[in-house]
Amino acid sequence: MAGIRIINLVKKFGEVTAVDHINLDIKDGEFMTLLGPSGCGKTTTLRMIAGLEVPTDGEIYIGDKLVSSPSKGIFIPPEQRNIGMVFQNYAVWPHMTVFDNVAYPLKIRKLPKDEIEKKVMRVLEMVRLKGFENRYPHQLSGGQQQRVALARALVMEPEVMLLDEPLSNLDAKLREEMRFEIKDLQRKIGITIVYVTHDQAEAMAMSDRIAVMEKGRIHQIGSPWEIYKRPADAFVAGFIGLANFLKFDKAKIEENHAEVTLFGGKVKITCAPPLKKKGELILVVRPSEIDILKNPEPNTVEGIVKRATFLGDIVDYLVQVEGQEIRVQSKPTEIFNTGSKVYLKINHATLVNL
């Protein structure tokens, strides 16, 4: 297996800079997700790692091997990079059985027949498709077809697996099941995976670390917990989960904490300091980190319910508070109707840069 190192990577398409001097160090055996909206450069980055796009500048290492460096005149073609790749569409051949689909890259390399059979059956067992080897793609579910694509990539015993939105064509339930299957498989074989998605829940559920991208740049790299609880800026906070962005009166920032006053002094909270020390700040509060109360308590602020949506295990509220609209998500122990006077208590918040 191998890690990946990306140094000052740039990709331009004419006057458009798709990837803008990004740096990324992916550890051997790590599950790294490139997360961001459409057009942020994540797929272009993946394609440069794969060798399907030639960088404009920068360097890419797979393990200790420099596979791409325009300044040094180095470009190793995809077939020599020892990678496996799974795309958004399954790309399984409809006229071939499961066995033949998975065996195809081994046949291209002209491996002995008995070795091909041994490798294919081992990887089919790994992706839970043993017993399906004689079926054709039209006889499989979407999830099973995606597992065929995974098996075909794994049968080459690559050092790195690159997955580009592999679950986006599946329905919601199957997508959730496949998240856990891919993660379990990665743990079992210890392979390095670089995964591209715009789905924040997918990234949070599967990743060891996440690189959040926008406009060709990386805003933050961290574990799912770090990205969610300590976002580096307003873009990351807004892209990962629901977030309220609240104006505040003043903030006293110390080395290890910050004291923030808002709503004219009615509410005072202590929170973590911003990760970046300079620039304009805003307070981020997750809807789940606010209590909605019938009666006032110390350190609460009054508001009016503008909308209440029952979602089964939670009620999603929109509350008007002194000119600001605040989302609150609460367990339905007591439901407040539209127009009700309520009091909000903020339990956790984060200061971030705009």
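1. A crossing of two helices is called right-handed if the near helix is turned clockwise from the far one by less than a right angle, and left-handed if the turn is anticlockwise. In this predicted model, helix α4 passes α5 in a right-handed crossing. The axes of α4 (residues 142–154) and α5 (residues 172–189) come within 11 Å and cross at roughly 25°. Angles under 35 degrees count as roughly parallel, and α4 and α5 are therefore roughly parallel to each other.

2. A second helix pair is formed by α2 and α3 (residues 113–126), whose axes lie 10 Å apart at an angle of about 125°. This angle makes α2 oblique to α3. The crossing of α2 past α3 is right-handed.

3. Helix α1 (residues 42–50) is mostly covered, with 7 of its 9 residues buried. Among the buried residues of α1 are Leu-46, Met-48 and Ile-49, and also Lys-42. Gly-51 follows α1 and has a positive phi, near 90°.

4. The whole structure contains 20 salt bridges. Two that involve helix α5 deserve attention. Asp-199 pairs with Arg-179, with 3.9 Å between the closest N and O atoms. Asp-199 lies in the loop between β9 (192–197) and α6 (200–206) and Arg-179 in helix α5, so this salt bridge ties together parts that are 20 residues apart in sequence. Asp-199 counts as buried at 19% relative accessibility, and Arg-179 is buried at 12%.

5. The other salt bridge joins the side chains of Asp-208 and Lys-183 at 3.2 Å, N to O. Asp-208 is in the loop between α6 and β10 (209–214) and Lys-183 in helix α5, so that distant parts of the chain, 25 residues apart, are linked. Asp-208 is partly exposed, at 34% relative accessibility, whereas Lys-183 is buried, with a relative accessible area of 6%.

6. A salt bridge between strands is made by the side chains of Asp-316 and Arg-327 (2.7 Å, N to O). Because Asp-316 lies in β19 (residues 315–321) and Arg-327 in β20 (residues 324–330), the pair ties together parts 11 residues apart in sequence. Asp-316 is buried, with a relative accessible area of 4%, while Arg-327 is partly exposed, at 26%. Elsewhere, Lys-11, Arg-47 and Glu-53 are joined into one network by salt bridges that share partners.

7. Finally, the surface carries a nonpolar patch made of Trp-93, Tyr-104 and Ile-108, which together have about 280 Å² of accessible area. Trp-93 is placed in the loop between β7 (83–86) and α2 (98–108), and counts as partly exposed at 31% relative accessibility.

Terms used
Residues numbered from 1 in each chain as written. Predicted model: local features only at pLDDT ≥ 70, side-chain atom pairs only at ≥ 80, totals over all residues. Heavy atoms only, no water. Patch = residues over 30% accessible without salt bridge, like charges linked within 9 Å, V, L, I, M, F, W, Y side chains within 5 Å. Areas by Shrake-Rupley, 256 points an atom, 1.4 Å probe, with all protein chains shown as cover. Salt bridge = Lys/Arg side-chain N within 4 Å of Asp/Glu carboxyl O. Helix = DSSP H or I, 4+ residues; strand = E, 2+ residues; numbered from the N terminus. Buried < 20%, exposed > 50% of the residue type's maximum accessible area, 1.4 Å probe, protein only. Axes fitted to C-alpha atoms, helices over the stretch in contact; angles between N-to-C directions. Parallel < 35°, antiparallel > 145°, perpendicular 65-115°, else oblique.
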